[in-house]
Amino acid sequence: MKGLRGVSRAGLSSLFCAVGEGTFLLKKELSLVESIKIGLKSCKDFVNNAKEVNKLKLFKKKEPVYKPPKKTFREKMVDVYHYRWFYLMFLPVAVSLFVFHYIPMYGIYYAFTDYTPFKEPTFVGWANFEYLFSASRFWQAFRNTIQLSTVHLILGMVCSVGLALLINEISNLKFRKVVQTVVYLPHFISWVVVASIFTLFLSPQSGFVNAIISSLGGTPIYFLASEKWWRICFYILNVWKETGWGTIIYIAALSGVDQEMYEAATIDGAGHLQKVRYISIPAISVTILTVFILNLSKVLNLFDSVFVLQNDSVIKTSDVIGTYVYRLGITSADYGTSTAAGLFKSVISLALITFANWLSNRIKGEGILG
């Protein structure tokens with residue numbers, strides 16, 4: 001059948017004529033073999049004709065795609081003047097980005113030097129990286145960073161999607177707004193305040209949680225000083241603080257779902273769980289994937305939430321690259337090694353961003369970096 005593609009009506013007519021001719025000759029008492037030969041020859045000519053038609057279509061020149069003419073420099077300046085107020089609003093952001101992100105990149109040089117505030121930097125090549133890669137504390141901090149970030153990423157996404165689906169089921173508009181406001185508030189509380197509040201709640205002497213444990217006959221637990229309980233407390237605090245803020249984008253995506261689909265599902269007898277499973281979740285699946293890919297590139301950016309809850313009793317469990325760099329640079333004044341550790345973290349983050357962009361291209365057809 002491949003040879004029949006692209007054949008004109010005239011070609012099909014010739015085929016039917018050839019078959020008819022073979023049948024006519026057969027009726028004229030010619031031998032069966034001769035009639036078959038004539039029919040096969042006609043079919044062979046037909047197939048060759050079809051191949052020629054396909055070749056012509058294959059080598060046919062494609063119609064040129066319209067490309068808008070390039071703008072001249074004068075036209076570009078006219079556009080800039082037309083949108084001048086937008087550029088003016090963007091100017092403070094651009095200046096702060098350049099001052100606080102690009103100018104400090106000069107400090108990468110110190111990753112290859114032996115530098116402290118008390119002496120001039122001395123170039124040492126890769127010695128700082130060799131020290132880092134041979135230090136067990138560094139790899140311990142790297143493993144902790146990956147574990148804490150991965151669990152935090154998965155828990156945060158699951159809880160945010162679940163809470164967004166629950167809020168979407170609230171039919172009373174005023175009550176829904178109240179719920180959204182309440183769950184957004186923890187995001188705006190500083191991590192220092194959050195750590196102080198939960199330290200009081202979890203205190204083994206006067207904490208609310210340990211008071212309940214003691215009243216039930218249990219032994220008070222120092223949660224934030226126990227390697228067994230520290231990570232659980234860390235995950236709970238992160239979920240409590242950031243889940244509400246994470247629901248914003250999912251609620252926005254759910255608001256764009258056609259309500260007629262829910263009405264049709266209700267008429268067909270679908271319950272709330274069935275509508276969530278077969279309508280709501282598929283509708284926001286692309287949004288979930290996009291948020292996951294964007295957050296994947298930030299898995300190493302842990303500092304505030306860990307630093308305010310960290311203490312010497314749980315340093316093996318809670319130490320991450322951010323706090324490790326802080327101790328080397330600020331506490332120990334070893335700027336060369338701390339800069340090398342920060343540079344290593346940046347390289348890994350760049351690799352994760354590149355991977356996230358590639359993954360987005362493969363799944364969505366477009367990258368997150370443009």
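The following dialogue examines how certain descriptions of this predicted model are justified.

Student: What is the make-up of the protein in helices and strands, and how much of the protein is buried?

Tutor: The protein has 17 helices and two strands. Of its 370 residues, 31% are buried.

Student: What makes Val 276 a buried residue?

Tutor: The relative accessible area of Val 276 is 15%, and buried means under 20%. Val 276 therefore counts as buried. This residue is found in helix 12.

Student: Which residues does Val 276 contact, leaving aside its neighbours within four places in sequence?

Tutor: Val 276 is in contact with Leu 165, Glu 169, Ile 281 and Pro 282 when those neighbours are left aside. In addition, the C-alpha atoms of Val 276 and Asn 168 are separated by 9.8 Å, although these two residues are 108 residues apart along the chain.

Student: Why are helix 10 and helix 13 called roughly antiparallel?

Tutor: Their axes cross at roughly 155 degrees, and angles over 145 count as roughly antiparallel. The two helices are therefore roughly antiparallel to each other. Their axes come within 10 Å, and helix 10 passes helix 13 in a right-handed crossing.

Student: Which residues make this contact, and how do they divide by class?

Tutor: Helix 10 contributes Ile 249, Tyr 250 and Ala 253, while helix 13 contributes Thr 287, Ile 288 and Val 291. By class, the contact of helix 10 with helix 13 has five nonpolar residues, one polar residue and no charged residues.

Student: Why are helix 6 and helix 10 described as oblique instead?

Tutor: The axes of helix 6 and helix 10 cross at roughly 45 degrees. An angle under 35 degrees would count as roughly parallel, and one from 65 to 115 as roughly perpendicular. The value of roughly 45 degrees falls in neither range, so helix 6 and helix 10 are oblique to each other. Their axes come within 6 Å, and helix 6 passes helix 10 in a right-handed crossing. The residues of this contact divide into 17 nonpolar, ten polar and one charged.

Student: Which residues touch the most other members of the largest nonpolar core, and which helices each supply at least two residues?

Tutor: Among the 26 residues of the largest nonpolar core, Leu 165, Tyr 250 and Leu 254 touch the most other members. Helices 6, 7, 10, 11, 12, 13 and 17 each supply at least two residues of this core. Helix 6 gives the most, with six residues.

Student: What does Leu 254 touch, not counting residues up to four places away in sequence?

Tutor: On that basis, Leu 254 touches Ala 164, Leu 165, Asn 168, Tyr 262, Ser 280 and Ile 284. A second, separate core has 18 residues, including Val 194, Leu 202, Trp 230 and Val 314.

Student: What makes the phi of Ala 333 worth a remark?

Tutor: Most residues other than glycine have a negative phi. Ala 333, a residue other than glycine, has a positive phi, near 60 degrees. Ala 333 lies in the loop between helix 16 and helix 17.

Student: Is Ala 333 buried or exposed, and how do you know that?

Tutor: The relative accessibility of Ala 333 is 15%, and the limit for buried is under 20%. Ala 333 therefore counts as buried.

Technical notes: Residues are numbered from 1 along each chain as its sequence is written. This is a predicted model: local features need pLDDT of at least 70, side-chain atom pairs count only at pLDDT 80 or more; totals for chains, interfaces and linings use all residues. Side-chain values use heavy atoms; hydrogens and water are left out. A nonpolar core is a set of buried Ala, Val, Leu, Ile, Met, Phe, Trp, Tyr and Cys residues joined through side-chain atoms within 4.5 Å. Buried means under 20% relative accessible area, exposed over 50%, partly exposed in between (1.4 Å probe, protein chains only). Helices (H or I, at least four residues) and strands (E, at least two) are DSSP runs, numbered from the N terminus. Contact means heavy atoms within 4.5 Å. Axes are lines fitted to C-alpha atoms, for helices over the stretch in contact, and angles run from 0 to 180 degrees between N-to-C directions. A crossing is left-handed if the near helix is turned anticlockwise from the far one by less than a right angle, and right-handed if clockwise. Ala, Val, Leu, Ile, Met, Phe, Trp, Tyr, Cys and Pro count as nonpolar, Asp, Glu, Lys and Arg as charged, and the others, Gly among them, as polar.
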